[in-house]
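Colleague: I am new to reading structures, and I would like a close look at one part of this chain. Could you set the scene briefly and then walk me slowly through the part you pick?

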Amino acid sequence: YQPWHAVSDDASGNLYISEFSGNLVRLVTPNGIISTVAGNGTTLSSTSNNVKATLGTLYKPAGLAFRNNTLYIASAGANLVRTVSADGIIRTVAGGGSLSGSGVAATSALLNNPSALALESTGVLYIADTNNCRVCKVQSNGVLIVVAGTGGCGVGLDGLPANQSAIGHPYGLAFDWYGNLLIGEFDNCRVRAVSKADGIIRTVLGSSSQSCSPSGDSSSAVTIGWAAGLAFDWFTGNVYLADSSTSVVRVMTQNGTAGVLVGNGPNFYAGDAFRARLSIPMGVAVGRNRTLFIADTFNNRVLAVNLTLALPAASCVAVAPAYGYVSAASVPSGATV
């Protein structure tokens, strides 16, 4: 229970779900059959390595990533990042050590509540090292490098190299078309982008002064709540954000508009997505068939939203600074859940 994140396996259409409080990772097939792929529901010996994943233990699994038949799991409670390979064996690839700096072996690094993962186009793994207030990458040689954050939590300045600007408890990571890294800063209530071209970090949604939104109203798109999970839509260039404190999912387009896509309403069950009632959503993911998956964490469910339907134009407003790397992009024109 308490699903934290969901990630779609593009090759087969399977959906992976991390159960934060259940200490499991589950798989849902396209025909709706659910099974356990990692964890046994206990937290004892949560560093177990090189064993069958369903016999091993996880402690508060959070962020997930999937590529090339390998599932990556951020085991937040154990301060580890684990992988489950095609043969079903679980291994640690980062964390478990005592070294806190950059340029150390990933398995010697001291992580603190890693909560989100993302894979660059080349397959390089990025880790939101949440309570260390930094984002790291694991190079192909197994060395961990800090790419954003200074190791001290705070409201960092824009326009600096990302590893020279403080960030506040990152809970979301995603890459866009151009290789820019998007970071959801939870308690700073903003999304920032690290440019692939020059490594400079800038705020792209929310306020640069830690101003948080008191509600989920789309008219307050510039000021958002707790920025948690992020997902990039490779079909349209839109970015989706799980705004946990306002219990909505927001959409930010490439042409610099943003608004509430899901949430803000009274309906608990299926129906119009805008009127759905969420409870502290922590994760989002976009599947190959234009489906947005939402980890509706404190409602103990995962929702699927059809992104091919229309969102009324009035529900999106301009944001500053504009996110747009291209001249225009379409907002999904409605949605049902």
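Modeller: Happy to! The accessible surface of the chain comes to about 12,600 Å², and carbon and sulfur atoms account for 53% of it. Accessible areas are worked out by the Shrake-Rupley method with a 1.4 Å probe, and for residues only the protein chains shown count as cover. Please keep in mind that this is a predicted model, in which local features need pLDDT of at least 70 and side-chain atom pairs count only at pLDDT 80 or more, while totals for chains, interfaces and linings use all residues. Residues are numbered from 1 along each chain as its sequence is written, and side-chain values use heavy atoms, with hydrogens and water left out.

A little more background first. The chain has 27 strands and zero helices; both are DSSP runs numbered from the N terminus, with at least four residues for a helix (H or I) and at least two for a strand (E). Of its 337 residues, 58% are buried. Here buried is under 20% relative accessible area, exposed is over 50%, and partly exposed is in between, again with a 1.4 Å probe and protein chains only. Among the contacts with a separation of 6 or more, 47% involve residues 24 or more positions apart, a contact being heavy atoms within 4.5 Å.

Now to the part I picked: the sheet that contains E18. Five strands make up this open sheet, in the order E15-E19-E18-E17-E16, and their pairing is antiparallel. E15 and E16 are the edge strands, each with a single partner, so one side of each has no neighbour in the sheet. Two strands are called paired if DSSP finds at least two bridges between them. E17 and E18 (residues 190-194) have five bridges, in the antiparallel sense. One residue pair to look for is Ile-183, whose bridge partner in E18 is Arg-192.

Stay with Arg-192, which is buried at 0% relative accessibility. Arg-192 forms a salt bridge with Asp-158, and the closest N and O atoms are 2.9 Å apart. Asp-158 sits in the loop between E14 and E15 while Arg-192 is in strand E18, so this pair ties together parts 34 residues apart in sequence. Unlike its buried partner, Asp-158 is partly exposed, at 31%. A salt bridge is a side-chain nitrogen of Lys or Arg within 4 Å of a carboxyl oxygen of Asp or Glu, and the whole structure has ten of them. Another one joins Asp-243 and Arg-250, at 2.6 Å from N to O. Both of its ends are buried: Asp-243 at 0% and Arg-250 at 2%. Back at our sheet, shared partners join Asp-158, Glu-185, Arg-190 and Arg-192 into one network of salt bridges.

Next, find the loop between strand E16 (170-175) and strand E17 (181-185), where Trp-177 is placed. Trp-177 is partly exposed, at 32% relative accessibility. Together with Tyr-178 and Trp-234, Trp-177 makes a nonpolar surface patch of about 340 Å². Patches are built from residues with over 30% relative accessible area and no salt bridge, joining like charges within 9 Å and nonpolar side chains (Val, Leu, Ile, Met, Phe, Trp, Tyr) within 5 Å.

Finally, step back along the sequence to another sheet. This open sheet also has five strands, ordered E10-E14-E13-E12-E11 with antiparallel pairing. Strands E10 (104-105) and E11 (114-119) are at its edges with a single partner each, so one side of each lacks a neighbour in the sheet. E12 and E13 run antiparallel and are joined by five bridges, and Ala-128 stands opposite Val-135 in E13.

There is one disulfide, meaning a pair of cysteine sulfur atoms within 2.5 Å. The two cysteines are Cys-133 and Cys-153, with their sulfur atoms 1.9 Å apart. Their link is right-handed, with 95° about the S-S bond. Cys-133 lies in the loop between E12 (125-129) and E13 (134-138), and Cys-153 in the loop between E14 (143-148) and E15 (160-161), so the pair links distant parts of the chain, 20 residues apart. Cys-133 is buried at 0%, whereas Cys-153 is partly exposed at 45%.
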